[in-house]
Amino acid sequence: MGILAWILLGLLAGIIAKWLMPGDDPGGIIVTTLIGIAGGLLGGWLGKVIFGVDSVDGFFELSTWIAAIVGSLILLALYRLFTRRKHA
């Protein structure tokens, strides 16, 4: 996939992760996009390491989206954990 496809996938995965884990987070669409892009990379890497599969087959593959969303959920949870500790 090209860089624009990764950015679009990350944006959408970040939005879906935010929808699945609603809450008040510092940051806006930029943070959501960055978490989504990094989450897509993390999800693809975890799928390869844990399950031994190439989870990033293409933009329209279900495994790509699941990997990106799961990775985004993990990073969103970590982001919330660290930002709450920082403010507490």
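This report describes the helices, the core, the cavity and several single residues of a predicted model.

**Overall build**

The protein chain has three helices and zero strands. Read along the sequence, its pattern is α-α-α. Helix 1 covers residues 3-20 and helix 2 covers residues 29-51, while helix 3 covers residues 62-87. The chain has 88 residues, and 33% of them count as buried. Among the contacts in the chain with a separation of 6 or more, 73% are between residues 24 or more positions apart.

**The nonpolar core**

The largest nonpolar core consists of six residues: Trp6, Leu9, Ala13, Trp65, Ala68 and Ile69. At least two residues of this core come from helix 1, and at least two come from helix 3.

**The cavity**

Rolling a probe the size of a water molecule over the atoms shows where empty space is left. In this model, a search of the whole structure finds one cavity of 30 Å³ or more. The volume of the largest cavity is about 30 Å³. Its lining is made up of Gly14, Lys18, Thr32, Ile35 and Leu76. Helix 1 and helix 2 are the elements that give two or more residues to this lining. By type, the lining residues divide into two nonpolar, two polar and one charged.

**Gly39 in helix 2**

Gly39 lies in helix 2. Is Gly39 buried or exposed? Gly39 counts as buried because its relative accessibility is 0%, and the cut-off for buried is under 20%. Leaving aside neighbours within four places in sequence, Gly39 is in contact with Ala67, Ala68, Gly71, Ser72 and Leu75. One of these, Ala68, also belongs to the largest nonpolar core. Gly39 and Leu73 are 34 residues apart in sequence, and their C-alpha atoms are 7.3 Å apart in space.

**Thr83 and Arg80 in helix 3**

Thr83 is a residue of helix 3. Its relative accessible area is 15%, so Thr83 is buried. Which backbone oxygen does the side chain of Thr83 reach at 2.9 Å? That oxygen belongs to Tyr79. The side chain of Thr83 also reaches the backbone oxygen of Arg80, at 3.3 Å.

Arg80 itself has its place in helix 3. With 8% relative accessibility, Arg80 counts as buried. A polar atom of the Arg80 side chain lies 2.3 Å from the backbone oxygen of Met21. Arg80 thus appears in two of the contacts described here, with its backbone oxygen in one and its side chain in the other.

**Residues with more accessible area**

Asp24 is found in the loop between helix 1 and helix 2. Why does Asp24 count as exposed? Asp24 is exposed because its relative accessible area is 74%, and exposed means over 50%.

Ser63 lies in helix 3 and has a relative accessible area of 30%, so Ser63 is partly exposed. Ala77 has its place in helix 3. Ala77 also counts as partly exposed, because its relative accessibility is 34%.

**Pairs along the chain and in space**

The table sets the separation in sequence beside the C-alpha to C-alpha separation for four pairs of residues.

| Pair | Apart in sequence | C-alpha to C-alpha |
|---|---|---|
| Gly39 and Leu73 | 34 residues | 7.3 Å |
| Asp24 and Arg80 | 56 residues | 9.1 Å |
| Ser63 and Gly47 | 16 residues | 9.2 Å |
| Ala77 and Met21 | 56 residues | 8.4 Å |

Two of the pairs bring together residues met above. Asp24, in the loop between helix 1 and helix 2, is paired with Arg80 at a C-alpha separation of 9.1 Å. Ala77, in helix 3, is paired with Met21 at 8.4 Å. Met21 is also the residue whose backbone oxygen lies 2.3 Å from a polar atom of the Arg80 side chain.

Conventions
Residues numbered from 1 in each chain as written. Predicted model: local features only at pLDDT ≥ 70, side-chain atom pairs only at ≥ 80, totals over all residues. Heavy atoms only, no water. 1 Å grid on protein atoms, 1.4 Å probe; cavity = no way out; pocket = protein on both sides within 12 Å on 5 of 7 lines; lining within 4 Å. Points joined across faces, edges and corners; volume = space filled by probe spheres on them. Helix = DSSP H or I, 4+ residues; strand = E, 2+ residues; numbered from the N terminus. Nonpolar A, V, L, I, M, F, W, Y, C, P; charged D, E, K, R; others polar. Core = buried A, V, L, I, M, F, W, Y, C linked by side-chain atoms within 4.5 Å. Buried < 20%, exposed > 50% of the residue type's maximum accessible area, 1.4 Å probe, protein only. Polar contact = N/O pair within 3.5 Å; in protein donor to acceptor, adjacent residues only side chain to side chain. Contact = heavy atoms within 4.5 Å.
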